[in-house]
Amino acid sequence: MGSTPFSGKGRGGGGLQDLGCMPWKLSKQKGMVGGEVGEGTGGGEERSDLREHDISTPPAPPPTPIYHEKQRRELCALHALNNVFQDGAAFSRDTLQDIYQRLSPGTLVTPHKKSVLGNGNYDVNVIMAALQTRGFEAVWWDKRRDVGSIALSNVTGFILNVPSNLRWGPLRLPLKRQHWIGVREVDGVYYNLDSKLRSPHTIGNPDELRKFLRHQLRGKNCELLLVVSEEVEIHQTWRSDGC
């Protein structure tokens with residue numbers, strides 16, 4: 001009588017299978033395969049998510065709102081100033097009227113008739129003095145020079161004095177009067193912010209602005225002011241030709 005070698009058959013071998021046990025080597029391989037697949041799948045999904053994140057385009061920022069002050073009474077000088085500064089609180093009628101009253105009548109040069117009653121129609125001297133209260137200067141452009149020599153990047157805005165038709169309510173009268181309009185760049189685009197317009201008119205890029213200014217200056221009784229900081233005016237850096 002001798003012992004019979006364990007053959008995997010019988011109760012002992014069946015017991016392992018009945019208990020649901022698997023050979024360690026197979027179990028390890030299965031675990032490794034499962035782990036590799038799981039890690040591979042998880043990693044693939046993560047990389048896919050990263051790729052999607054990388055190629056996604058962030059939403060564009062909303063456009064900068066354009067401030068456009070419309071005509072009231074004869075306050076076009078006030079509207080032009082506030083439109084150039086893109087700030088309705090930059091100047092007020094009371095501010096301009098106070099400046100007008102402080103200026104000596106003997107020093108007034110008027111392409112624009114002065115106002116005694118405070119209803120507007122202020123001249124260039126009031127505009128120049130108003131700009132100085134905010135650290136800016138008005139440079140009167142010599143129309144004999146080409147506007148191509150303006151260093152646009154150093155100019156805050158433009159104020160034009162142009163002839164404009166008079167109106168009586170909805171009626172356009174066969175008379176003209178000088179009128180101030182503001183021109184300003186917003187987000188790389190120049191706009192005509194004439195207070196008599198219903199909404200800002202797009203001029204376009206710097207080349208189109210120069211065409212617009214040339215066209216305006218060809219007209220009769222049209223003048224151009226460059227609105228620049230005091231530093232720019234002192235160093236004359238509003239000119240690109242250095243002359």
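## A starting point: V228

Leaving aside neighbours within four places in sequence, V228 is in contact with F136, E137, V139, N154, V155, T156, E233 and W238. That makes V228 a good place to begin looking around this structure, which is a predicted model. V228 is found in strand β6. Is V228 buried or exposed? With a relative accessible area of 0%, V228 counts as buried, because the cut-off for buried is under 20%.

One of the contacts of V228 deserves a second look. N154 is 74 residues away from V228 in sequence, yet their C-alpha atoms are 6.9 Å apart in space.

## The strands β1 and β6

Another of the contacts of V228 is E137, and here the link is also one between strands. V228 in β6 is the bridge partner of E137. What is the direction of β1 and β6 relative to each other, and how many bridges join them? The two strands run antiparallel, and five bridges join them.

β1 itself is mostly covered, with four of its five residues buried. A background point may help when you look at strands: in a regular strand, side chains alternate between the two faces of the sheet.

## The whole chain

Now step back to the full protein chain. Its secondary structure comes to seven helices and six strands. Reading from the N terminus, the order of elements is α-α-α-α-α-β-β-β-β-β-α-β-α. In other words, five helices come before a run of five strands, and then a helix, a strand and a helix follow.

The protein chain has 243 residues, and buried residues make up 35% of them. Its accessible surface comes to about 15,600 Å², with 54% of that belonging to carbon and sulfur atoms. How are contacts spread along the sequence? Take the contacts between residues at least 6 apart in sequence: 59% of these join residues at least 24 apart.

## The annotated active site

UniProt, in an unreviewed entry, lists C76, H179 and D194 for "active site". These residues are spread over 119 residues of sequence, but they cluster in space, with a largest C-alpha distance of 9.1 Å. C76 lies in helix α3, which covers residues 76–85. C76 counts as buried because its relative accessibility is 4%.

Where does D194 lie? D194 is in the loop between β4 (189–192) and β5 (201–204). At 13% relative accessibility, D194 also counts as buried. Apart from neighbours within four places in sequence, D194 is in contact with H68, H179, I181 and G182. With H179 there is also a polar contact from side chain to side chain, at 2.7 Å.

## Salt bridges

How many salt bridges does the structure hold? There are four. As general background, side chains of opposite charge can pair when their charged atoms come close.

One of the salt bridges joins the side chains of D98 and R102, at 3.2 Å from N to O. D98 and R102 are four residues apart in helix α4 (residues 93–102), so about one helical turn separates them. D98 counts as partly exposed at 39% relative accessibility, whereas R102 counts as exposed at 57%.

## Charged pairs around K143

Two further salt bridges involve D142, K143, R144 and E223. D142 pairs with R144, and the closest N and O atoms are 2.8 Å apart. D142 is partly exposed, with a relative accessible area of 28%, while R144 counts as exposed at 76% relative accessibility.

K143 meets E223 through their side chains in a salt bridge of 3.8 Å, N to O. Why does this pair tie together separate parts of the chain? K143 lies in the loop between β1 (136–140) and β2 (157–168), and E223 lies in strand β6 (residues 223–229), so the pair links parts that are 80 residues apart in sequence. K143 counts as partly exposed at 36% relative accessibility, and E223 counts as partly exposed at 23%. E223 brings us back to β6, the strand where V228 is found.

Definitions and conventions
Residues are numbered from 1 along each chain as its sequence is written. This is a predicted model: local features need pLDDT of at least 70, side-chain atom pairs count only at pLDDT 80 or more; totals for chains, interfaces and linings use all residues. Side-chain values use heavy atoms; hydrogens and water are left out. UniProt positions are given in the numbering used here, feature names are shortened, and annotations may be inferred rather than shown by experiment. Buried means under 20% relative accessible area, exposed over 50%, partly exposed in between (1.4 Å probe, protein chains only). Contact means heavy atoms within 4.5 Å. A polar contact is a pair of N or O atoms within 3.5 Å; within protein, one must be able to donate a hydrogen and the other to accept it, and residues adjacent in sequence count only if both atoms are side-chain atoms. Two strands pair if DSSP finds at least two bridges between them. Accessible areas come from the Shrake-Rupley method with a 1.4 Å probe; for residues, only the protein chains shown count as cover.
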